Amino acid sequence: MTTEAVRMRDGPPVTDLVRRAIAGDSRAWDALVERYIPLVWSICRSHRMDHADARTVSQTVWRQLADQLGTLRDPAALADWLAITTRRECDRIRPAAHQQPGPGQMPEATNEPGDQTQTAERELQAAELHASLREAFAQLPPRCQRLIAMLIQDPPVSDAEISATLGIPARSIRHNCHSCLQRLRRYPALATLSTPEQGTGEVRRQDRP
């Protein structure tokens, strides 16, 4: 999946978040950061930056975005803007990151540009799936939210406790969970992100046999 494909697929939702963030909606800003910060950090890692430098780059990138958010010509292309800005900041802060090793030092492993791009896109896709799962879960009926929350608790909650807490017959827990998960999977943002290999595996693994 290319960054351009991500941009086209997620254009409207990202555009809406940008519009709300420009209007001062702190939740929309937080959602943008949560969705795209893995992309920023993955680019920092591809530049072999240590944690302190990566943190500096990340803070600079988000500060620049806050200052320039209202001037973006194409808000739907936010992922591209962040990638370009992050790479520029990495090059500015660590211009010697790719220098030859000194005497007695082992050369660092390098990544091909294509590998860096694929890693960044995988990080972005994972972040978007996570954000969509949270969004979809928040839209479920409270009863479904409570059921799924109890099913994924660690240590596991017994069927008897779930039944007593939610008033669901123990024999119906599986059926109710299946119905809730089906509603979750049909949520538009999540359905757009899901693939046959991915689906909603993060939730499905908690479904009981």
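Trainee: Which cysteine sulfur is closest to that of Cys 44, and why is there no bond?

Mentor: Keep in mind that this is a predicted model. A disulfide needs its two sulfur atoms within 2.5 Å. For Cys 44 the closest cysteine sulfur is 3.9 Å away, so it is too far for a bond. That sulfur belongs to Cys 90.

Trainee: Is Cys 44 buried or exposed, and what about Cys 90?

Mentor: Buried means under 20% relative accessible area. Cys 44 has a value of 1%, and Cys 90 has a value of 1% too. Cys 90 is in no disulfide. So Cys 44 is buried, and Cys 90 is buried.

Trainee: Which cysteines does a disulfide join, then?

Mentor: The structure holds one disulfide. Its S to S distance is 2.1 Å, and the cut-off is 2.5 Å. The two partners are Cys 144 and Cys 180.

Trainee: How many residues apart are Cys 144 and Cys 180, and where do they sit?

Mentor: The pair links distant parts of the chain. Cys 144 is in helix α7 (residues 142-151), while Cys 180 is in helix α9 (residues 173-185). Along the chain they are 36 residues apart.

Trainee: Is that disulfide left-handed or right-handed?

Mentor: Look at the torsion about the S-S bond of Cys 144 and Cys 180. It comes to about -80 degrees, so the disulfide is left-handed.

Trainee: Are those two cysteines, Cys 144 and Cys 180, buried or exposed?

Mentor: The same kind of check works here, with buried meaning under 20%. Cys 144 has a relative accessible area of 8%, and Cys 180 is at 5%. That makes Cys 144 buried, and Cys 180 counts as buried.

Trainee: Which helix supplies the largest share of the largest nonpolar core?

Mentor: That core has 26 residues, and Leu 32, Tyr 36 and Trp 62 are among those with the most contacts inside it. Helices α2 (11-22), α3 (26-46), α4 (51-68) and α5 (78-93) each supply at least two of its residues. The largest share is eight residues, and it comes from α3.

Trainee: How many residues are in the other core?

Mentor: This one lies apart from the largest core. Its members include Leu 147, Ile 148, Leu 181 and Leu 190. In general, nonpolar side chains in soluble globular proteins tend to be buried together. The count for this other core is 20 residues.

Trainee: Are α7 and α8 roughly parallel or antiparallel?

Mentor: Helix α8 covers residues 159-166, and its axis is 11 Å from that of α7. The two pack at an angle of about 160 degrees, and angles over 145 count as roughly antiparallel. So α7 to α8 is roughly antiparallel.

Trainee: Which residues of α8 make the contact with α7?

Mentor: The crossing of these two helices, α7 and α8, is right-handed. From α7, the contact uses Arg 143, Arg 146, Leu 147, Met 150 and Leu 151. From α8, it uses Glu 161, Ile 162, Thr 165 and Leu 166.

Trainee: What is Thr 86 in contact with, leaving aside its neighbours within four places in sequence?

Mentor: Thr 86 lies in helix α5. It is buried, with a relative accessible area of 0%. Its contacts beyond those sequence neighbours are Val 40, Ile 43, Cys 44, Val 57 and Val 61.

Terms used
Residues are numbered from 1 along each chain as its sequence is written. This is a predicted model: local features need pLDDT of at least 70, side-chain atom pairs count only at pLDDT 80 or more; totals for chains, interfaces and linings use all residues. Side-chain values use heavy atoms; hydrogens and water are left out. Helices (H or I, at least four residues) and strands (E, at least two) are DSSP runs, numbered from the N terminus. Buried means under 20% relative accessible area, exposed over 50%, partly exposed in between (1.4 Å probe, protein chains only). A nonpolar core is a set of buried Ala, Val, Leu, Ile, Met, Phe, Trp, Tyr and Cys residues joined through side-chain atoms within 4.5 Å. Axes are lines fitted to C-alpha atoms, for helices over the stretch in contact, and angles run from 0 to 180 degrees between N-to-C directions. Angles under 35 degrees count as roughly parallel, over 145 as roughly antiparallel, 65 to 115 as roughly perpendicular and the rest as oblique. A crossing is left-handed if the near helix is turned anticlockwise from the far one by less than a right angle, and right-handed if clockwise. Contact means heavy atoms within 4.5 Å.
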